[in-house]
Structure formats: structure tokens, C-alpha cells
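Subject: Structure handover

Hello,

Here is the structure I promised to pass on. Please open it first, then read the notes below it.

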Amino acid sequence: MNPRGQGSVRTVVEAEGLVKTFSDFWLRAKARAVDGVTFEIRPNEIFGLLGPNGSGKSTTIKMILGLLRKSKGRLSVFGRDPSDVSVKARLGYLPEETYMYRFLNPRETLDYFGKLFGLPRTTRRRRTDELLEMVGLEGAAHRVVGEFSKGMARRLGIAQALINDPEFLILDEPTSGLDPIGTRQVKDLLVDLRRKGKTVLLSSHLLADVEDVCDRMVILYGGKIRASGTAEELLRDTKHTTLHLPRLDAATISKVDAAIRREVGVAIDRVETPRQRLEDLFLQIVDAARAEQVETSGAMRGGPTAAFLGEGDERQPGALIADLERAATESKLAAPVARSAPVVRGPHMDTIAELQRADGTRTAKPASAAATKADSETVDKSVIEGLLGGSDNREPDGGADGSGARPK
Amino acid sequence: MNWLGSALERFAVWQERVGSRVLLTVLAVVLVSAAVVPLWWSSLQHAQLVSEIASVLREANIKERNPQAINLVDRGTVQLNGREVGSARVQLVAQEMFNEAGTIDDVPAFASFIAAIQAPRWAPPQVVEQPLLVGGIGIGIAGVAVLAIWLGLALPLMGITLVTAPIATACFAFGQMQLFVAFTGIGILLFLFLVATQLALRMLSPAGAITGVAHTLLLEATRQRISLACIGGLLVLLPLLPLFISSRDPLRYQVQTFIARGTGLVFLVAAFLTLLLACATVAFEIRDRQIWSVLTKPVSRFQYLAGKWLGLAVLDGLILTVAGAAVLVQVSLLSARPAGSMEDAAALTSQVLVARATERPVYKSIDPIELRDAVNRAIENDTVLRGEIEAGAKSEADVVRQLRVQKITEFSSAQRTIAAGASRSYTFSGLLEARKAGIAPMLRYTFHSGPDSTHEVYPVSFLFGDLPPELVEYVPVQRNVLGIPVEAIAEDGTLRVTIVNGAMMQGGRIIQAPWSLNFDADGLEVLHRVGGFEGNFLRAMLVDWGKLLFIAALGVSAAGILSFPVAVLVAMTIFIVGSMSPFLEIAVEQFAVPIDAPWFMQVFEAFIQGFVGSVQWVLAPFASVGSSTDLVDGRVIPWGSVVRAVGLIGLLWSALAFAIGGWAFSRKEIAIYSGGEG
């Protein structure tokens with residue numbers, strides 16, 4: 001994390017030496033939930049707050065929101081004390097559980113929260129319509145929240161967090177209770193919001209969710225920061241190289257392995273046939289059902305991001321370039337990774353390229369997941385097993401993008 | 001039944017569109033017209049017929065034996081444009097309708113009687129002769145239907161009508177008019193409450209923290225089961241209440257009983273609901289964490305509490321308005337019952353359905369020097385008491401204080417005691433308006449005499465001003481009233497009343513009563529009319545509203561810092577202490593431990609008299625400011641009481657409750673640590 005105060009970047013949240021101690025009735029310290037935490041959240045980024053249960057994530061968030069008072073340290077939000085009511089006009093908050101009024105329906109709920117922000121009636125109505133469509137609740141707009149499933153209530157929670165088009169959005173376990181469709185939509189929404197100039201604080205212990213979207217993150221344990229940095233900094237594996245190739249037959253793989261042994265003296269750790277992610281399969285099945293117009297009483301497919309979000313926001317300098325960079329990253333996240341080629345791990349990529357050209361192997365093209373699955377079923381596993389049998393007996397790791405290699 | 005629920009839900013969504021509402025409006029107008037227009041047309045024609053018959057009857061003269069009279073007597077018919085209208089029933093009574101001059105006295109009534117035979121059987125007789133009334137009813141029903149449609153209440157209106165209309169119709173068909181009125185009243189009240197709620201919600205619809213919170217609280221109050229049970233129960237019970245009042249009692253007692261029970265029930269239910277809802281809405285939102293979603297918006301803690309209070313204030317206003325209107329209408333209907341006697345009817349209008357101011361005699365105060373001398377003499381003459389003071393068994397200051405109170409009481413009592421055969425005069429002031437209005441005031445008196453046996457009557461004479469004496473007999477302990485001639489009031493608005501303890505005969509001879517008589521401080525008063533019952537009732541409702549505002553503030557403030565059960569306990573304790581403060585005052589005064597009790601008992605006595613006495617003194621206005629007792633008694637509740645109730649209790653006390661509770665709430669950490677979470 002960059003040292004505080006360097007450069008002229010305006011911060012959304014600044015915390016320095018933040019401590020929160022809970023006391024009992026006799027004012028004896030009972031628990032130190034947050035212990036000397038220092039971090040800052042910059043504009044237009046998605047900041048991750050990670051940690052296991054009881055690590056201080058939600059306590060930190062509640063201090064940022066003014067629901068709890070800090071015991072020690074400094075904390076400011078938009079340069080002001082968190083208890084300042086005017087700060088709240090720029091915030092949106094989704095609690096870890098959705099605490100809505102059971103006797104109100106979604107339309108009334110959003111109208112209520114819109115009133116609290118002082119939004120005029122026509123604006124409230126327009127935003128309510130857009131948000132309900134965005135979260136897929138327009139069909140349940142007149143049912144009371146008390147009848148909702150957890151996931152539907154969670155979607156409503158997301159909608160109410162956005163009613164005021166906040167500059168700074170705080171999401172505590174946003175995908176809790178959501179199905180993979182909802183999870184994917186939340187992630188897409190977060191990326192979209194960042195593109196529109198929002199700042200997001202994301203707290204979760206579902207690491208896959210955070211990894212996909214966060215720019216920077218801190219990892220808490222026992223109220224202290226154990227690690228911090230960008231996802232790239234924290235997660236880069238410097239000891240291995242991953243290659244994505246179109247499907248190779250056993251003979252070619254052998255040649256590749258021999259070449260690598262010859263050139264650099266190391267062997268391929270593992271050859272895997274990637275498989276489709278369960279999330280992608282799930283989404284395909286749901287899309288097919290929707291195409292067949294099968295009825296459901298649950299949440300509908302969400303619509304596009306509400307148009308009012310990010311209206312009129314000034315773009316930061318360099319935003320276009322940042323957008324292009326992010327778009328490139330998002331295309332990797334959003335689209336199914338090409339699954340047609342086996343993954344070869346090894347330190348030397350040139351040798352492999354030579355082998356490919358020598359064999360006339362076609363360059364990798366994106367292939368459908370179904371084709372990938374079918375291909376994986378037809379490969380001669382005896383050859384692969386023969387290649388793998390001498391090194392180790394580990395199960396192939398069907399990771400998110402096939403990069404399931406584990407360091408030795 | 002799922003299909004029904006689903007269909008109702010779809011209808012509820014569909015009827016929110018403007019186009020749908022226009023369609024429903026047209027449909028409602030068409031249906032109402034289809035039902036009412038035939039009745040109105042028949043009524044119009046019937047009224048026309050009555051008018052034509054009346055014009056013929058005016059010409060009929062049995063002495064002149066003109067054709068109109070002959071037709072009536074011989075055939076019981078009248079000729080109208082070549083057709084005969086009438087029947088054998090008319091012939092039976094025709095002869096008796098003519099007076100000595102040969103004409104008909106009551107032409108309109110006789111015309112109606114003759115025309116009634118021609119009236120359509122399906123038309124209710126009470127309305128068939130009144131086209132204006134029929135038209136008014138039709139417009140009223142259509143108006144209500146259109147109002148319901150545009151407020152989104154079409155479904156509830158249909159539901160209420162489907163439930164109450166068949167029952168009311170059945171009661172009407174079986175001649176059970178009281179039940180018919182009751183069930184019709186239930187339907188009207190429920191609908192009126194829904195309409196009033198919708199209007200209140202629209203009033204709270206502007207954007208803002210306080211109005212937003214108030215709006216949601218009103219929705220909560222009208223959707224939670226406890227609220228619906230309380231409000232629904234009240235609106236159902238009120239129209240049924242007259243059924244539980246014996247019609248054998250004098251009419252004025254029936255009306256007084258209904259006023260007492262009706263207003264008492266309204267306030268009790270409203271107070272209970274307000275207290276419960278005030279505590280629940282805040283405490284449960286903190287417990288269930290909905291408050292997190294609210295206080296993370298630009299809403300200060302004060303605005304949050306203020307919004308809750310405003311919502312409760314509006315809810316209380318709705319309940320008092322609708323239920324109060326119900327009580328008022330029921331009083332009017334009850335008053336229309338036949339009175340047992342002329343005195344009963346007169347008492348109803350002059351003593352119950354009226355607002356009267358009370359004037360009490362001007363009593364002298366004891367001279368301070370006289371008082372001091374009397375106390376000193378009492379101590380000097382009482383050797384035992386002097387000895388106790390000297391021995392230290394009693395404190396001189398306490399003895400002097402007790403003797404002062406005793407002497408003042410004796411002095412006051414002496415002014416309210418008249419020896420047998422003696423007389424005493426009392427002066428009342430403030431009766432100038434009564435003199436100007438020419439409305440006779442009333443003297444109300446409750447005397448004690450001898451053993452206070454209610455089986456005895458004793459004579460007493462009253463002289464009002466310079467007028468001749470009025471001799472009456474009274475029963476001890478019971479309240480009696482006597483009319484005062486207006487001319488007895490002097491030009492400056494004072495009235496001198498001389499009471500003679502005995503029968504004052506002509507010539508001034510007095511036959512003395514067997515015992516002396518005395519009366520309490522409120523045992524002799526003059527009541528004079530200063531307003532009507534309706535205005536007094538409105539003021540009573542405003543006083544109740546002021547008290548409810550305080551209860552709401554109390555509950556909301558307490559729940560901001562305490563859990564629900566503790567908040568209810570605290571708020572209810574304060575409410576009960578305030579309501580019972582007159583009784584508590586007497587109890588605290590009379591609470592005393594024996595002089596030789598242990599020291600901790602003495603401390604306890606001091607605590608009770610100090611702390612409890614102080615709390616009771618602070619809360620005393622809650623009970624003393626205008627009450628339903630005054631309303632029942634026909635006493636005026638002045639605007640000053642309304643200002644005290646709303647201004648002092650409703651606003652100032654509420655502000656104090658908010659200051660204390662709001663400050664503590666602002667310091668409270670809402671999202672407390674919960675162990676394994678986050």
C-alpha cells in the first residue's frame with residue numbers, strides 16, 4: 001500500500017491506527033475487534049476488505065458508517081468525521097444481512113429510502129423502476145418483503161444501496177444469499193460502477209468474488225492487517241509459468257516436455273485438461289431455461305445497470321486508458337476462457353512455440369465449453385496418465401482458468 | 001384460495017393505473033346510477049303526486065259538500081286529471097280529517113297518507129317522499145366510491161361492503177334498527193378510517209427525513225396485526241356500545257353513560273396503542289437492525305425520533321377524529337330516543353348536551369395574624385402538646401405546621417356550615433354573560449346533614465338576590481340541582497344566594513331543620529351555559545390528543561435507549577402515575593409511619609413523600625387538565641385547558657422527553673459487537 005500522504009490523490013476513506021474495543025457494562029475491555037488498522041481508499045477503485053469471521057471487517061465498516069464510534073485512531077470519510085450526517089448523502093450501504101421492513105413492498109422500500117435522501121417524487125419513481133428492473137424484482141414489486149427469499153431480499157438490499165446514486169458504495173458480503181446468476185450480476189455491476197466513476201468498498205470472505213473485481217485489498221485477522229496490496233501483487237505466483245495452448249496430443253506433449261528438459265533442465269509439473277467452471281454450466285442451464293420461457297416465481301433476470309447511476313459524473317484524467325485496460329481484463333473475466341487446449345506448465349515458452357510451428361499445430365481459438373467438455377472425454381487418458389504417473393499422483397486441479405498448477 | 005389471492009393482487013396492481021381508475025369511476029357511477037336513479041325517479045313522481053293531492057285537499061270542504069269532499073267521504077278517493085287516487089282505507093278516516101269549519105287541517109300529512117298507497121312497494125317508505133334525500137344519498141354513495149377508487153381503496157371498500165352490507169340489510173329486514181345502525185356504522189367507520197389514513201399518507205409523502213420516517217410508521221401501524229386489532233376492535237365496538245346501555249334508565253343517564261364509556265374507550269385504546277407502538281417501532285428496529293439502513297442515510301438521530309413521533313401524532317389524530325366522530329354521531333342518535341319524562345328531556349339538553357362554566361362562592365381567607373394567634377392559643381391551651389414539645393417528642397415546627405393546616409381547614413369549613421334554622425349568604429361572580437344571554441343558570445348543591453342518611457329528606461330554602469325564597473327538600477349526600485332566575489343576577493354579573501337551613505315560610509318565619517348542614521368545597525356551585533356540546537367535545541378530543549403526544553414522545557425516547565419490555569414498563573409507569581396523580585396526592589399526604597418507628601422507616605417515609613410526591617406533583621397536570629368527566633358532566637373544557645394539554649403536555653413535556661432520551665440515543669452505539677460476526 002502506498003504510504004499515506006504521498007502524491008495528490010484525494011482519498012475517500014482514511015484510517016490511521018484505527019482501534020475499536022468493546023467494553024462490558026462495567027467498562028472493562030471485552031474484545032478488541034479492530035487493532036491499529038491503517039489504510040486508505042482512493043476514488044474510483046474497488047477496495048477489498050477480506051478476512052475470516054471475527055477479523056474486524058464489519059466492525060471497520062460500521063465505524064466508517066458512523067454506526068460505531070472508534071476507540072482510538074483517526075478515521076475520516078470524504079475528509080469528514082463519519083458521524084457527520086452530510087457524509088451519508090454520498091454513501092450507499094449494503095449490510096451483511098438484508099434488514100428490510102417486512103411490511104413494505106420493494107417499491108415502497110425504495111421510495112422510503114429515496115425520501116430519506118430528499119429525492120423528489122418523480123426522481124424516486126424513475127429510479128425505483130430502473131433499480132427494480134436492474135435487480136430483477138419488477139415482477140415482485142408489489143409483494144411485501146416478508147414473503148421474499150433471502151436472495152430476493154438481498155437484491156432489494158443492493159437496490160436500496162444505490163437509490164441515491166452514491167459516490168461511495170459499501171458492500172458487506174454482497175453476494176451472500178445470491179445464486180450464481182446474482183453473484184455474476186453483482187460482479188458485473190461492481191465493474192460497471194467503477195467504470196462510471198464510483199468507489200466501492202467490498203467486504204467478503206468469499207475470496208473468489210473479491211479476487212475477480214478488487215483493485216486493492218487488505219486482509220484482516222484478529223483485527224490487524226496481515227497483508228495489503230493489489231490483487232496482482234498479492235496473488236502473483238513467481239515460481240511458475242502458465243501456458244494456454246490449443247489441445248495437444250500425447251506425442252506433442254512428450255516432445256514439449258523433452259524440449260523443456262533439454263533447454264532448461266526442468267520437467268513439466270503437470271498437464272491438465274481444463275474443464276468448464278460449474279458457474280458457467282449453471283448459467284448455461286439457466287439461460288436455456290429462460291430461452292424456453294419456463295415459469296418462475298422467484299427473481300427474474302436482472303436488467304442492465306440503472307441508467308441514473310453515474311449520470312453526469314466527471315471522468316478522471318486518464319480514465320479512457322484505464323477503461324481500455326480494464327475492458328481487456330474484464331473480457332478475460334466475463335467470457336469463458338478458451339477450454340480447448342491442454343495446459344502446459346514450464347519455464348520456457350519459446351521451445352513450445354517452435355514445437356508448435358514445427359508440427360503445424362493450429363493456434364488456439366476460443367472454443368465452446370461444450371466442445372471442451374466433449375474433447376476432454378475423448379482424449380486418450382492412458383498416455384496422459386503415463387506422463388503423469390512417474391512424477392506425482394495429484395488430482396488435476398480444475399481451477400477457474402485451468403491454472404491449477406500448484407508450486408512444488 | 002391461492003387463485004383468489006393472486007387475482008386480488010393483480011387487481012390491486014391494475015387499479016393503480018390512471019386509465020384503470022377512470023374505467024372504475026365510470027363503472028361506479030353507472031352502477032350507482034342504475035341503483036339510485038329509479039328510486040329517485042319514483043320519489044320525484046311520488047312527491048309530485050303528493051303535491052297534486054294536497055292541492056285538491058285544500059279545496060275540499062265537507063260543509064260545502066263540494067265534489068272533492070264528497071269523493072273523499074264516499075269513496076276515499078281524489079280526482080286527479082281524470083283518474084282516481086285513493087282506497088277504502090282513506091274512506092275510513094276521511095270523515096275525521098275535516099275540522100269544524102269543514103276543511104282539512106293537516107293537508108300535507110293526509111296527502112302523504114293517500115299517496116302512500118300508490119308508492120312502489122320496493123321503495124323504502126322513509127325516503128320515497130324525499131327526492132332530494134334520495135338524490136343526496138346517490139351522490140354521496142357515488143362520491144364515496146369515486147374517492148375510494150382514486151385513493152386506491154376500491155378493494156377494501158368492496159370488502160367492507162360485502163361483509164357489513166348483508167348483515168345490515170338483514171337487520172333492517174327483521175326490523176332490528178339498532179343493529180342495522182350499528183353494522184352500517186361499522187362499515188362507514190372502517191372505510192372512513194381507511195380514507196383518512198390514505199389522505200394522511202399523502203400529506204406525509206413529501207421527501208424528507210422526518211416525513212419519510214413518519215410515513216413509514218403510519219404504514220407500519222396500518223399493517224401490523226396488533227395495530228389492526230386495536231383500531232379495528234375500537235371501530236367495531238363503538239357502534240355496538242349503545243346496545244349495552246339499558247334503555248330503561250333515564251335518557252340523560254343513557255347518554256352520559258355512553259359519553260363516558262365511548263370517550264374512555266377511545267382514549268384507552270389510543271393510549272395503549274400509542275405506547276406499545278412507540279416502544280415497539282424503535283426498539284424492534286434497533287433489535288432487528290432495520291435502523292442500520294436508516295441511520296446510514298442522511299438522517300440524524302433526532303430526525304429519526306422526531307419522524308417516529310410525528311407518525312404517531314398523525315395516527316392518534318386519525319383515531320381521535322374518526323372514533324370521536326363516531327361517538328358524536330352516536331350521541332345524536334341516542335339523544336333521539338324517547339325520554340322518560342319532560343324533566344328527563346330537559347335535563348338532557350340543559351345538563352348534559354351542553355358546555356357549562358362553573359362558578360363557586362368567594363370564600364374569605366383567614367387573616368394571617370388571626371391564624372398565628374389561633375395557633376399560639378391552641379399550643380398554650382393544650383398542656384399535653386406543650387409537654388411533648390418541651391420533652392422533644394414532637395418538633396415545634398411540625399406542630400405549628402399541622403396546627404396551621406388545621407386552623408385553615410376549620411376556618412374554611414366554618415364558612416360552609418349553616419346551623420339549624422340559621423342562614424348564610426354566598427356571592428358568585430362571572431355570570432354577566434349568562435345575564436346578557438338570558439339563559440338561566442343552575443345551582444348544584446350536595447349537602448351533608450346529621451347522620452347523612454339517604455332515607456331522610458330535610459328542608460332548605462334558597463333566596464336568589466332579592467327574589468322570594470324557594471323552598472326545597474333535599475336528600476343528604478346526593479347531588480341536587482335548582483334553576484336560578486336570570487333576573488336574580490345583578491348588573492355586574494354577581495349573584496347573591498342566601499341559604500336558610502330550614503323551611504322559610506311566608507312572613508319570614510323559619511321552621512328549622514333538625515341538623516346543621518355543611519358542604520364540601522365543591523358542594524355548592526352555579527353552572528351556566530357558555531357553549532354547546534359539540535365544541536366541548538372537540539376540545540376534549542384535543543386535550544386527549546395532547547396527552548397522547550406526550551405518551552408517544554415518552555415511548556419513542558425510552559425505546560431509543562432501553563429494550564422493548566423495559567421501555568414499555570417505564571413509559572407505562574409514568575403514564576399511570578400521571579393519570580392517577582390525584583389519588584397519589586392524597587395517598588402521599590396520608591402516608592406516615594408511627595413516630596416511634598425505626599430510622600430506616602423514617603427515611604423511607606421521607607423518600608416516599610419527597611421523591612414520589614415530587615414525581616406526582618410534576619405529573620399532576622396530566623390528570624387535571626380537562627377530562628372526559630367534565631364532558632360527561634356538561635362542564636366546559638376551556639380553550640385554556642386545550643392550550644395546556646397540547647402546549648404544556650403535548651409539546652413541552654415531549655420536548656423534555658426528547659431532550660433526555662434523544663441525547664442518550666445519540667450516544668448509543670447502534671451496531672454493537674456480536675461476537676462471531678464480521
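The notes below cover the interface, then the domains, then the strands.

Keep in mind throughout that this is a predicted model.

**Where the chains meet**

Start with the contact between the two chains. On one side, 42 residues of chain B take part, and they touch 40 residues of chain A. Together the chains bury about 3,600 Å². Carbon and sulfur atoms account for 60% of that area.

What holds charge against charge here? The rule finds 2 salt bridges across the interface of chain B and chain A. One of them can be named: Glu669(B) pairs with Lys20(A) through their side chains, at 2.8 Å from N to O. Polar contacts are also present, with 14 residue pairs across the interface, both partners at pLDDT 80 or more.

Which helices of chain B supply at least two residues each to the side that touches chain A? They are α1 (2-14), α10 (209-221), α12 (251-288), α13 (290-295) and α25 (639-667). The most comes from α10(B), which gives 7 residues. By type, the residues on this side of chain B are 16 nonpolar, 13 polar and 13 charged.

**Domains of chain B**

Chain B is split into four stretches. Domain 1 covers 17-150 and domain 2 covers 368-415. Domain 3 runs over 417-531, and domain 4 over 536-676. How far apart are the centres of domain 3 and domain 4 of chain B? The separation is 39 Å, taken over C-alpha atoms.

**Strands of chain B**

Look next at a small set of paired strands. An open sheet of 3 strands has the order β4-β14-β7 in chain B, with antiparallel pairing. Its edges are β4 (417-418) and β7 (448-449), each paired on one side only. Between β4(B) and β14 (residues 517-518) of chain B there are 2 bridges. In that pairing, Ile418(B) has Leu517(B) as its bridge partner.

Then turn to another pair. Strand β8 (residues 458-464) and strand β9 (residues 470-474) of chain B run antiparallel, joined by 5 bridges. Pro459(B) in this pair faces Glu473(B), which lies in β9(B). The two strands, β8(B) and β9(B), make a hairpin with 5 residues between them. In the turn, Gly465(B) has a positive phi of about 60°.

If you have time for one view, try the helix α10(B), which gives the most to the side of chain B that touches chain A.

Best wishes

Terms used. Residues are numbered from 1 along each chain as its sequence is written. Chains are lettered from A and ligands numbered from 1 in the order in which they are written. This is a predicted model: local features need pLDDT of at least 70, side-chain atom pairs count only at pLDDT 80 or more; totals for chains, interfaces and linings use all residues. Side-chain values use heavy atoms; hydrogens and water are left out. Contact means heavy atoms within 4.5 Å. Buried area is the accessible area (1.4 Å probe) that two parts lose on being put together, summed over both. A salt bridge is a side-chain nitrogen of Lys or Arg within 4 Å of a carboxyl oxygen of Asp or Glu. A polar contact is a pair of N or O atoms within 3.5 Å; within protein, one must be able to donate a hydrogen and the other to accept it, and residues adjacent in sequence count only if both atoms are side-chain atoms. Helices (H or I, at least four residues) and strands (E, at least two) are DSSP runs, numbered from the N terminus. Ala, Val, Leu, Ile, Met, Phe, Trp, Tyr, Cys and Pro count as nonpolar, Asp, Glu, Lys and Arg as charged, and the others, Gly among them, as polar. Domain bounds come from an automatic or database domain assignment. Two strands pair if DSSP finds at least two bridges between them.
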